[in-house]
Amino acid sequence: MSTPGRAPSHSAVEQNVYKIFPNDLNAEQTVFGGLVMALCDRTALIVAERHSGTICVTAAVDSLNFLSPARTGETLLVKASVNRAWNTSMEIGVRVVAENSRTGEVRHVVSAYLTFVGLDREGRPTSVPDVLPQTEDEKRRYRSAQVRRDARLRTRDSLRTI
Ligand SMILES: CC(C)(COP(=O)(O)OP(=O)(O)OC[C@H]1O[C@@H](n2cnc3c(N)ncnc32)[C@H](O)[C@@H]1OP(=O)(O)O)[C@@H](O)C(=O)NCCC(=O)NCCS
């Protein structure tokens, strides 16, 4: 019997918090991009595990956009939620803002979409529950996730024929 669908609120991470210290910086004295990418991947993984109830691996990361640099002393706040699920894969959207925790001022730093695949105990892709969007924002993300998936798989298939 397949697992019933789940609302995005079932698995969402509302706020993963990371305080930036000097050892997180690159040579330009802004936050190392790989650290922010890892933070996105880790947070999205939690969402994928909560939604699917299975082991999950990152299959693809796309549209990871660095919109502005983060600096020492700021706090990274990461939000992530599942946009849509297909047979064995799910798209998780992640948004990172940098907060000046003294003033409360926030700045959008990164947005990203990650695809995770649920695996069974033998490491084979296994089916995951549908996403049941409830709010207008969730419904919009649900629709746009299909457009991104079509583009991702088209690119993957074209590269296979080269
Ligand atoms: C991700 C992985 C499990 C897919 O395995 P596979 O043999 O290609 O499986 P399939 O072709 O049956 O695809 C399984 C699902 O992944 C999706 N998928 C595979 N590659 C994808 C890609 N590049 N982009 C988006 N989705 C992808 C497929 O669309 C399918 O989803 P669906 O069932 O919802 O339609 C496999 O490629 C893998 O193990 N990759 C390494 C993962 C990893 O190590 N990640 C980093 C550490 S966690």
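**Two pockets in a predicted model**

Helix H2 gives the most to the lining of the second largest pocket, with four residues. I start there, and I should say at once that this is a predicted model.

Which other elements matter for that pocket? Strand E2, residues 55-66, and strand E5 join H2 as the elements that give two or more residues to the lining of the second largest pocket. The residues that line this pocket are Ala59, Ala60, Trp86, Ser89, Thr115, Val117, Arg149, Arg152, Leu153 and Arg156. Sorted by class, that lining has five nonpolar, two polar and three charged residues. The space in the second largest pocket comes to about 240 Å³.

Now the largest pocket. How much space lies in it? The volume is about 490 Å³. Its lining is made up of 22 residues, and the ones that lie nearest the centre are Lys79, Ser81, Gly93, Arg95 and Arg141. Five elements appear on the list of those giving two or more residues to this lining: strand E1 (13-19), strand E3 (75-85), strand E4 (89-99), strand E5 (106-119) and helix H2 (136-160). Which of them gives the most? Here, H2 does, with five residues. By class, the lining of the largest pocket has seven nonpolar, eight polar and seven charged residues.

A word on the idea behind this. When a probe the size of a water molecule is rolled over the atoms, it shows where empty space is left.

To finish, back to the helix. H2 gives the most to the lining of the largest pocket, and H2 also gives the most to the lining of the second largest pocket.

How values were computed:
Residues are numbered from 1 along each chain as its sequence is written. This is a predicted model: local features need pLDDT of at least 70, side-chain atom pairs count only at pLDDT 80 or more; totals for chains, interfaces and linings use all residues. Side-chain values use heavy atoms; hydrogens and water are left out. On a 1 Å grid over the protein atoms alone, a cavity is a set of points where a 1.4 Å probe fits but cannot get out, and a pocket is an open set with protein on both sides within 12 Å along at least five of seven lines; lining residues have an atom within 4 Å of a point. Grid points are joined across faces, edges and corners, and a volume is the space filled by probe spheres set on the points. Ala, Val, Leu, Ile, Met, Phe, Trp, Tyr, Cys and Pro count as nonpolar, Asp, Glu, Lys and Arg as charged, and the others, Gly among them, as polar.
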